[in-house]
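The following exercises concern a ligand site and the enclosed spaces of a protein. Please work through each task before reading its solution.

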Amino acid sequence: MKQRNLGGEGLAVSELGLGCMGMSEFYGAENDEESIATIHRAIDLGVTFLDTADMYGPFTNERLVGRAIAGRRDEVVLATKFGNERTEDGTRLGVNGRPDYVRKSCDASLRRLGVDHIDLYYQHRVDPDTPVEETWGAMKELVDAGKVRYLGISEAAPETIRRAHSVHPISALQTEYSLWSRDVEDEILPTVRELGIGFVAYSPLGRGFLTGQIQSPEDFDEGDYRQNSPRFQGENFHKNLELVERVREIASEKGVAPGQLAISWLLHRGEDIVPIPGTKRRKYLEENAAAVDVELTEEDLRRIDEVAPAGAAAGDRYPDMSTVNG
Ligand SMILES: NC(=O)c1ccc[n+]([C@@H]2O[C@H](COP(=O)([O-])OP(=O)(O)OC[C@H]3O[C@@H](n4cnc5c(N)ncnc54)[C@H](OP(=O)(O)O)[C@@H]3O)[C@@H](O)[C@H]2O)c1
């Protein structure tokens with residue numbers, strides 16, 4: 001597995017990461033044993049850039065990742081996030097970027113992960129009631145104290161990115177980017193490129209939709225987060241299925257899976273982009289990891305653009321888009 005550099009501070013990660021969120025929440029039933037086996041297989045394959053957050057579970061995902069990497073800490077680049085405040089029973093308290101909360105959250109993540117430092121610490125969502133400079137001042141102190149190596153931000157607007165970057169260099173912006181979520185191409189991607197910040201593409205498989213495996217809204221288990229997502233509902237679902245079928249046609253001609261085409265497309269968008277597909281199964285992980293070897297020609301890229309242009313997906317990314325505006 002090749003490495004890619006994120007930002008200008010020296011952070012190098014595997015060109016493909018592993019999203020661990022779905023192992024503990026949002027995407028159907030959990031299976032800790034298989035999830036841990038998936039993390040181990042990922043490390044063996046060189047997919048060493050692991051992504052979690054304190055709010056996944058909540059808290060159980062960090063504990064799970066901590067268990068999986070015990071004894072293998074030095075083999076991974078560990079990324080986690082703070083800012084979406086939740087209680088142990090799952091209640092959401094809102095977005096919190098206050099300096100005392102930043103310090104408290106970092107110590108709690110270190111404990112749950114069982115490590116003495118976090119490689120990449122992200123502000124998960126920007127707190128509209130706390131100036132980002134205050135949040136980033138506290139994050140910078142964490143770097144100075146050796147608790148955190150590099151800093152990131154997720155789903156932030158261009159102006160917020162600039163302000164945070166002026167307090168301490170941002171190594172990575174993490175935002176949704178995939179064949180059905182290309183809105184970052186307008187302003188966000190040009191901003192991070194201008195500032196020399198790396199881009200971590202979350203939900204690169206469109207929360208599973210772009211693999212072509214989800215054929216009906218009934219395919220979800222009770223309580224699956226995607227049932228509440230506009231893109232997975234009613235007419236939107238069926239329109240989006242047409243998009244996936246067009247992607248599948250190109251993938252079939254190339255002899256690869258649609259999800260592999262989706263990952264490879266992102267890898268071809270630039271050396272500064274690192275996709276972090278999520279899975280809790282070794283089988284899917286192996287398929288996704290093999291996408292790094294899928295070659296796309298100029299003609300392939302042109303055809304993909306034609307079938308999945310920016311704005312092609314029907315429906316918003318989130319039930320309430322106000323929650324993603326940074
Ligand atoms: N910063 C943020 O706000 C934010 C938001 C969302 C996600 N994230 C991060 O980004 C990571 C990735 O995003 P994501 O998990 O939302 O979405 P994703 O990677 O686009 O898709 C994950 C879904 O696709 C399924 N899948 C994966 N590989 C597959 C394959 N080869 N064949 C068939 N199905 C496959 C998974 O199934 P199984 O679950 O059954 O394995 C899971 O349901 C997360 O784990 C999380 O760490 C960050």
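**Exercise 1.** What distance separates a backbone N or O atom of C20 from an oxygen atom of the ligand? Then list the side-chain contacts with ligand oxygen atoms and state how far the protein covers the ligand.

*Solution.* The model is predicted.

Step 1. For C20, the distance from a backbone N or O atom to a ligand oxygen atom is 3.4 Å. With a limit of 3.5 Å for a pair of N or O atoms, this pair qualifies as a polar contact.

Step 2. Turn to the side chains. D51 places a polar side-chain atom 2.6 Å from an oxygen atom of the ligand, and for S203 the corresponding distance is 2.8 Å.

Step 3. Consider the cover. The ligand taken alone exposes 900 Å², and 96% of that area is buried by the protein.

**Exercise 2.** Describe the shell around the ligand: which residues come nearest, which helix supplies the largest share, and how do the residues divide by class?

*Solution.* Step 1. The ligand is surrounded by 31 residues, of which Y27, D51, L205, G278 and T279 come nearest. D51, one of these, is also the residue with the 2.6 Å side-chain contact from Exercise 1.

Step 2. Helix α9, spanning residues 282–289, contributes three residues, the largest share of the shell.

Step 3. By class, the shell holds 11 nonpolar, 12 polar and eight charged residues.

**Exercise 3.** How many cavities of 30 Å³ or more does the structure hold, and which residues line the largest cavity?

*Solution.* Step 1. There are two cavities of 30 Å³ or more.

Step 2. The largest cavity contains about 40 Å³ of space. Its lining consists of E176, W180, R207, S229, R231, F232, D316 and R317.

Step 3. Sorting this lining by class gives two nonpolar residues, one polar and five charged.

**Exercise 4.** Which residues line the second largest cavity, and which element gives the most to that lining?

*Solution.* Step 1. The second largest cavity also has a volume of about 40 Å³. The residues along its wall are L16, G17, L18, V47, P277, L285, N288 and A289.

Step 2. At least two lining residues come from each of β3 (17–19) and α9. The greatest contribution is that of α9, with three residues; α9 likewise supplied the largest share of the ligand shell.

Step 3. The class division is six nonpolar, two polar and no charged residues, whereas the lining of the largest cavity includes five charged residues.

How values were computed. Residues are numbered from 1 along each chain as its sequence is written. This is a predicted model: local features need pLDDT of at least 70, side-chain atom pairs count only at pLDDT 80 or more; totals for chains, interfaces and linings use all residues. Side-chain values use heavy atoms; hydrogens and water are left out. A residue is near a molecule or strand if one of its heavy atoms lies within 4 Å of it. A polar contact is a pair of N or O atoms within 3.5 Å; within protein, one must be able to donate a hydrogen and the other to accept it, and residues adjacent in sequence count only if both atoms are side-chain atoms. Accessible areas come from the Shrake-Rupley method with a 1.4 Å probe; for residues, only the protein chains shown count as cover. Helices (H or I, at least four residues) and strands (E, at least two) are DSSP runs, numbered from the N terminus. Ala, Val, Leu, Ile, Met, Phe, Trp, Tyr, Cys and Pro count as nonpolar, Asp, Glu, Lys and Arg as charged, and the others, Gly among them, as polar. On a 1 Å grid over the protein atoms alone, a cavity is a set of points where a 1.4 Å probe fits but cannot get out, and a pocket is an open set with protein on both sides within 12 Å along at least five of seven lines; lining residues have an atom within 4 Å of a point. Grid points are joined across faces, edges and corners, and a volume is the space filled by probe spheres set on the points.
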